[in-house]
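The exercises below are meant to be worked through with the sequence and the 3D view side by side. Try each task before reading its solution.

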Amino acid sequence: MPWLLQAAVGLVVLVLVAFLLGNLVRNLTNAGLLLTWSWLRNPAGFEIAETAIPFDAAMPYWRALLAGLANTLKVVLAGLVGATVLGTAVGTASFSSNGLLRRLARVYVELIRNIPLLLQLVFWYFVVFLALPNGAAALQLPGVVLAKAGLYLSWFDGAWQWQGPQLVNGVWMAPLRITVEFAALLTGLVIYTGAFIAEVVRGGVASVPQGQWEAANSLGFSPLQTLSRIVLPQALRVIVPGLNSQYISLAKSSSLAVACGYTDLYSVAETTLNQTGRAVEVVVILLGSYLVIDLVISGLMNGLNGLVQLRER
Amino acid sequence: MGPVSPVMVRPGAWLRLRRELFASRLDGLISIALIAALVTVGLGLAKWVLFQAQWTVISANSTLFAVGRYPLEQQWRLWLLTTLLALATGLSCGLLRAFPRSGAPARSWPRNDRWAAAILVVLALWRPMALQLALPIQLRWWAITGLLLLARWAAGRWGAAIPASARRWIPLLWPLLYLVGMVLISGGLGLVRVAPSEWGGLLLTLLMASFAILLCFPLGLLLALGRRSSLPLLRWGSVLYIEFVRGAPLITLLFLGQNILGFLLPGGLAPDRVWRAAWVLTFFAAAYVAEAVRSGLAAIPPGQLEAARSLGLPMPQALIHVVLPQALRVALPATVGQFISLLQDTTLLSLIGLLDLLGTARTVMANPAFLGRNAEVYLVLAVLFWCCCAALGLGSRALETRLNPHSLSPSQP
């Protein structure tokens, strides 16, 4: 009986897949779009505003997609670091002895988790970063200038001299410039994922028995030492698996970059599809790339998980 | 967290404040800095909301935000649907109070119900000031609010008089209402058809979210059972599907739905853009719901299934009557969490050119008359989404305590 059920389900799935694939081949043939990859070598013909690897419009499509992937990886890496720092800070703040700080941490988490990420991204881009003034009116903080034309940071210049942002003829110059598109995307991703990571960290710290805090306290550890030496190493066993899924969701969420004008892999793929009409190939490349990114993050986090788990002798 | 001392002395407000905010010098400094920051932000926000923001962008486009380009002469159908929904909500709330399940005494107006009624009344009265709606529309909202409260009161008052045999059919009101609502919105059965491309704003957002939520749950349940099945074909098929969907960003799947679904189906069979997106949302959410349900299934000891089987129950009955009721109760918070993120994910429809709430907002702000009014529109949308999501979360917690009334009070066996 179970095998009969299985055979029936298998047959249905098989027929369905054959039906869909048959249609796909027939429709693609009719449209003259049978699968080929040779178009990847044609010149792309569009520019990408900011790239992590050199790119111009005369380069082929595969190079454009690679540049998009590099941009995605850039924002994902920066986002992972930022969200982890913010999430850990907020997650541990919910155990502070200060009642106001504790409540603010809760408010932050409850506020951010219940507002769609896409809405937050367009908010950061259109309302915050695009409203920054340019030139001398730009927001100036020590070593950092926030302007509509970009964020200017202090860094070492060509001669290894520490160099701050300078106003030259009404235009800011600095060794390091971040576009507002990247900044808006990064801010949105970090603040959104940070709220989820804060919950993961809070759950992990809460899973450490109260007696551990008390024991460390009575042994003369300071609160900060207790946290870093006693509680966090134990909490990490609970935190790391939760972090894994948050990291993957951050990588996937980075595909919303198109909402704030940042050219990531998805955005390049969309342009490529509009120009070439190669829907199936483009979707395969997209899904494959995100799958590989997910698998890499998952593999690294599983390795980390192996390190922090309790080793039983 | 800590051990509770047997004698709890309630300290005075001043003492509590001091202990909470100024326990040590560092705490005091942090508190002062935070209070200063909060006051600055709060004052700035209040000044902007009251004096600088121009709310005409909301009031002038309120119909667009609510229903998109739904034909004006057909909008009475939406008002009728809203009225029916309000009546059903009032009736359900009242009946839930008339028959508390946990054995607690039936109280017709507990404190949170009084709060909810007060908030409703305040909202209904305050909205004309905030949105500057036309008087006829405002009158309709007052009437609908009044009907809701009336239904709530009547059901609480006379609900106990309904015979038990009739009572079992009352929950069926909701699926019935959903079908009626779909007919009212899309037309047919003698009503003028309104094409999905004319739905928009909050209507489209809620419709997409409710459609996907209703359908993704049974799908996810089947996938979760398949993943835990001992039949390798079912198991591997489910695993493949779940992991494939969970590995891909939603936007790429929506992209796939818009661009490839037409190739996969015989010519002319592919649904239009709105329904394509709805099905993609459903199949996407099903994979996540499957994982939530699977965690619930994993929490049930295998002995439960074995005992049910050895009592002679066939597999489907053992699952339906023994395993699933317990597993779904455990999986409830995670499942509702997925529903909440599904509601938030409907905003992605704006990226593929549909006019959901965010898509409508983008078209409104492309209008030169409302250029640069981003902050006002996004703030209103954020408040709206926050309220919907927070309400879902609250409802889930209420349902949780109703389903396992003893889990929070271990003193009761």
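In chain B, 38% of the 413 residues are buried, and the model from which this and every later value is computed is a predicted one.

**Exercise 1. Describe the overall make-up of chain B: how many helices and strands does the chain have, and what does its C-alpha trace span?**

Begin with the secondary structure, which in chain B amounts to 17 helices and zero strands. Next take the extent of the chain: along its principal axes, the C-alpha trace of chain B spans about 75 × 70 × 55 Å. Finally, turn to the contacts in chain B with a separation of 6 or more, of which 73% are between residues 24 or more positions apart.

**Exercise 2. Find the cavities of 30 Å³ or more in the whole structure, and state which residues line them.**

The search of the whole structure returns two such cavities, counting those of 30 Å³ or more. The largest cavity holds about 40 Å³ of space, and its lining consists of B:L64, B:G68, B:R69, B:L355, B:T360 and B:T363. Sorting this lining by residue character gives two nonpolar, three polar and one charged residue; the glycine is placed with the polar residues, because Gly counts as polar in this scheme.

For the second largest cavity, the volume is likewise given as about 40 Å³, and the residues around it are B:L202, B:T205, B:L206, B:L343, B:L357, B:L384, B:F385 and B:C388. Two or more of these lining residues come from each of the helices α10 (201-227) and α17 (374-403) of chain B. When the lining of the second largest cavity is sorted in its turn, seven residues are nonpolar, one is polar and none is charged.

**Exercise 3. Work out the strand order of the four-stranded open sheet in chain A, and say which helix packs on this sheet.**

First establish the order, which is β1-β2-β3-β8 in chain A, with antiparallel pairing. The edges of the sheet are then β1 (139-141) and β8 (176-178) of chain A, each of which pairs on one side only. Neighbouring strands of the sheet are turned against each other by 15 degrees on average, direction ignored.

Now look at one pairing in detail: strand β3 (residues 150-153) of chain A runs antiparallel to β8(A) and is joined to it by three bridges. Within this pairing, A:L153 has A:L176 of β8(A) as its bridge partner. The helix to be found is α5 (residues 180-206) of chain A, which packs on the sheet by touching β2 (144-147), β3 and β8 of chain A, and whose direction makes about 65 degrees with that of β8(A).

**Exercise 4. Decide for A:S154 and for A:L310 whether each is buried or exposed, and place each in its chain.**

Start with A:S154, which sits in the loop between β3 and β4 (155-156) of chain A. Its relative accessible area is 12%, and A:S154 is therefore buried, the cut-off for that class being under 20%. Apart from its neighbours within four places in sequence, A:S154 is in contact with A:G143, A:W162, A:Q163, A:G164 and A:P165.

Turn then to A:L310, which lies in the segment after α9 (279-308) of chain A. With a relative accessible area of 54%, A:L310 is exposed, since that class begins over 50%. As a last step, compare sequence and space: A:L310 and A:G220 are 90 residues apart in sequence, and from C-alpha to C-alpha they are 25 Å apart in space.

Key:
Residues are numbered from 1 along each chain as its sequence is written. Chains are lettered from A and ligands numbered from 1 in the order in which they are written. This is a predicted model: local features need pLDDT of at least 70, side-chain atom pairs count only at pLDDT 80 or more; totals for chains, interfaces and linings use all residues. Side-chain values use heavy atoms; hydrogens and water are left out. Buried means under 20% relative accessible area, exposed over 50%, partly exposed in between (1.4 Å probe, protein chains only). On a 1 Å grid over the protein atoms alone, a cavity is a set of points where a 1.4 Å probe fits but cannot get out, and a pocket is an open set with protein on both sides within 12 Å along at least five of seven lines; lining residues have an atom within 4 Å of a point. Grid points are joined across faces, edges and corners, and a volume is the space filled by probe spheres set on the points. Two strands pair if DSSP finds at least two bridges between them. Axes are lines fitted to C-alpha atoms, for helices over the stretch in contact, and angles run from 0 to 180 degrees between N-to-C directions. Contact means heavy atoms within 4.5 Å.
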